[in-house]
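Trainee: I'd like a close look at one part of this model, with the charged side chains as the main topic. Could you walk me through it?

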Amino acid sequence: MHIIAQTENKICVELTHDDMVELDITYEDLDYSNIETRRVLWELLDEARHELGREISLTQKMLIEALPDSNGGCLIFFTVSDEPSGRSGRKQLVKIGEKKVVCQADGIDEMIELSRHLLKTVKLKKSELFTDGGRYRLIFQPEMPGSINTEMIAGEFCEVLHHGASAAYTAEHWKLLASPDAAGMLTGL
């Protein structure tokens, strides 16, 4: 394990394959809703606190980004936000190595049609439905990114957002309506 303080608010923890085995977690298992993932992340932050000799605030909003490496390890970046949070200590884990497609439409009907078409042509790893009160966003991850151009398919039904932070922004600021199989739920409507 190698810990680097990149800035005052950003820490990088480099984990080897052996570190991952010792922590009893894989990149695929990383999911902030899972208690084991949270245990590992807090253990890493505690280790960083000791090694860097400084306090790391767990009460502030934090973005946690994970990036796999080719040797079975991964890089985990912890960024503490200076921005005040409505919910104390909100944490967001983003797995950088996974392709998420973010689709937006003004009505739920477009999301239903998109979901029906997707489930006929693509195997989805995860899909989530969000709203901001007037618009809807469906965020999905294909099981095999790149096998079918899912963005092209989605573009037939709604707007595909291409800026990289839109999935994390949506999860942070929009209301979650359905997860982890929103597309399946929508096709049942």
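Trainee: In helix H2 (residues 35-52), by about how many helical turns are glutamate 36 and arginine 39 separated?

Mentor: Happy to, and please keep in mind that this is a predicted model. Glutamate 36 and arginine 39 are separated by about one helical turn, because they are three residues apart in helix H2, which spans residues 35-52. The two form a salt bridge, and their closest N and O atoms are 2.8 Å apart. As for cover, glutamate 36 has 38% relative accessibility and therefore counts as partly exposed. Arginine 39, at 32%, counts as partly exposed too, since that class lies between the 20% and 50% cut-offs. This pair also belongs to something wider: Glu36, Arg39 and Glu43 are linked in a network of salt bridges.

Further along helix H2 there is another pair to look at. Arginine 49 and aspartate 46 join their side chains in a salt bridge, with an N to O distance of 2.4 Å. Here again the residues are three apart in H2, so about one helical turn separates them. Arginine 49 has a relative accessible area of 27%, which means partly exposed. Aspartate 46 is also partly exposed, with a value of 32%.

To put H2 in context, the structure holds eight salt bridges. One of them links the side chains of lysine 126 and glutamate 128, at 3.7 Å from N to O. Its two partners fall into separate classes: lysine 126 is partly exposed at 27% relative accessibility, whereas glutamate 128 is buried, with a relative accessible area of 15%. The reason for that last label is the cut-off, because buried means under 20%.

Charged residues can also gather without such pairing. Asp106, Asp109, Glu110 and Glu159 form a negative surface patch. Of these, aspartate 109 sits in helix H3, residues 108-121. With 56% relative accessibility, aspartate 109 counts as exposed, because exposed means over 50%.

Finally, a look at what comes before these helices. Strands S1 (residues 2-5) and S2 (residues 10-15) run antiparallel and are joined by four bridges. They make a hairpin, with four residues between the strands, and isoleucine 4 stands opposite cysteine 12 in S2. Threonine 16 lies in the loop between S2 and helix H1 (17-23). It counts as partly exposed, at 39% relative accessibility. Threonine 16 and histidine 2 are 14 residues apart in sequence, and their C-alpha atoms are 8.8 Å apart in space.

Methods:
Residues are numbered from 1 along each chain as its sequence is written. This is a predicted model: local features need pLDDT of at least 70, side-chain atom pairs count only at pLDDT 80 or more; totals for chains, interfaces and linings use all residues. Side-chain values use heavy atoms; hydrogens and water are left out. Two strands pair if DSSP finds at least two bridges between them. Helices (H or I, at least four residues) and strands (E, at least two) are DSSP runs, numbered from the N terminus. Patches are made of residues with over 30% relative accessible area and no salt bridge: like charges are joined within 9 Å, nonpolar side chains (Val, Leu, Ile, Met, Phe, Trp, Tyr) within 5 Å. Accessible areas come from the Shrake-Rupley method with a 1.4 Å probe; for residues, only the protein chains shown count as cover. A salt bridge is a side-chain nitrogen of Lys or Arg within 4 Å of a carboxyl oxygen of Asp or Glu. Lys and Arg count as positive and Asp and Glu as negative; His and the chain ends are not counted. The place of a charge is taken as NZ of Lys, CZ of Arg, CG of Asp or CD of Glu. Buried means under 20% relative accessible area, exposed over 50%, partly exposed in between (1.4 Å probe, protein chains only).
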